[in-house]
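Me: I would like to go through the labels given to this model and ask what each one rests on. Please set each value against its cut-off.

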Amino acid sequence: MIWVLLKSVIKARKAGLMRLRPATQPTRLDCLAAACAKCCNTLGSPRVTPQEAQAIGPEHLCRIGDAIFTQSQGSTCSLLREGLCGIYPYRPSGCREYPWYNIHGQLYYDSGCPGIKYDLDERPQVGSIQPWENFFPHTGSIGRWILSKICLVR
Ligand code: SF4
Ligand code: SF4
């Protein structure tokens with residue numbers, strides 16, 4: 001599992017994403033939506049809570065152990081429709097939160113997201129973002145350490 005995860009993270013890095021920086025200065029998201037769709041095309045298969053799964057429907061989901069994810073084709077989420085989310089009102093919390101991450105209680109953002117702007121301060125409260133460990137439910141501390149070494153820009 002860790003190798004599949006590493007492969008997708010390295011692929012995301014090659015696409016310019018997963019360049020996580022501490023959000024210590026005014027930052028906001030001005031999403032380019034269908035003109036971009038880089039996150040949905042590259043970060044693939046977000047984790048889904050049981051409540052979200054009920055709204056999305058089992059035909060779009062897969063299970064790994066006790067964790068639920070959207071299905072993907074390669075690194076593209078299978079729910080992407082012509083550059084837009086096909087389940088936008090019900091999209092998983094990780095999709096709603098992107099490009100923000102809560103890493104050990106500190107707010108980070110993906111500086112590779114083309115919609116990131118620095119002209120206004122629209123950073124969310126870190127407590128409103130799920131811990132980043134949630135995205136890797138089957139990855140131990142060594143795996144998470146490797147992922148943070150790859151993704152965090154200091
Ligand atoms: S990568 Fe950023 S700008 Fe592009 S669709 Fe995702 S959130 Fe929007
Ligand atoms: S569920 Fe929607 S927003 Fe989330 S990755 Fe898939 S297409 Fe994108």
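Reply: The model is a predicted one. Ligand 2 has around it Cys40, Pro46, Thr70, Cys77, Leu79, Leu80, Cys85, Ile87, Arg91, Pro92 and Cys95.

Me: What makes a residue count as being around ligand 2?

Reply: The C-beta atom, placed from the backbone, has to lie within 6 Å of the molecule. Cys40 and Arg91 are among the residues listed around ligand 2, so each of them meets that cut-off.

Me: How do the residues of the shell around ligand 2 divide into nonpolar, polar and charged?

Reply: Nine are nonpolar, one is polar and one is charged. Arg counts as charged and Cys as nonpolar, so Arg91 is the charged residue in this shell.

Me: Which residues are around ligand 1, and how do they divide?

Reply: Ligand 1 is surrounded by Cys31, Leu32, Ala33, Cys36, Ala37, Lys38, Cys39, Tyr98, Pro99, Cys113, Pro114 and Gly115. This shell holds ten nonpolar residues, one polar and one charged. Gly is counted as polar and Lys as charged, so Gly115 and Lys38 fill those two classes.

Me: How do you know that β3 and β5 pair?

Reply: Pairing needs at least two bridges found by DSSP. β3 and strand β5 (residues 67-70) have two bridges, in the antiparallel sense, so the criterion is met. Val48 stands opposite Ile68 in β5.

Me: Why are β3 and β4 called edge strands?

Reply: The open sheet of three strands has the order β3-β5-β4, with antiparallel pairing. β3 (47-48) and β4 (61-64) each pair on one side only.

Me: What makes β10 and β11 a pair?

Reply: Four bridges join β10 to strand β11 (residues 106-110), and the two run antiparallel. The cut-off is at least two bridges, so β10 and β11 count as paired. Within β11, Tyr108 is the bridge partner of Tyr101.

Me: Why do β1 and β10 stand at the edges of their sheet?

Reply: This open sheet of three strands is ordered β1-β11-β10, with antiparallel pairing. β1 (20-22) and β10 (100-103) each have a single partner strand, so one side of each has no neighbour in the sheet. From one strand to the next, the twist averages 40°.

Me: Why is Arg96 called exposed?

Reply: Arg96 has 12 C-beta neighbours inside 10 Å. A residue is exposed at 12 or fewer, so Arg96 counts as exposed. Arg96 is found in helix α4 (residues 93-97). Its C-alpha is 9.5 Å from that of Ile129, 33 residues apart in sequence.

Notes
Residues numbered from 1 in each chain as written. Chains lettered and ligands numbered in written order. Predicted model: local features only at pLDDT ≥ 70, side-chain atom pairs only at ≥ 80, totals over all residues. Axes fitted to C-alpha atoms, helices over the stretch in contact; angles between N-to-C directions. Buried ≥ 20, exposed ≤ 12 C-beta atoms within 10 Å, placed from the backbone.
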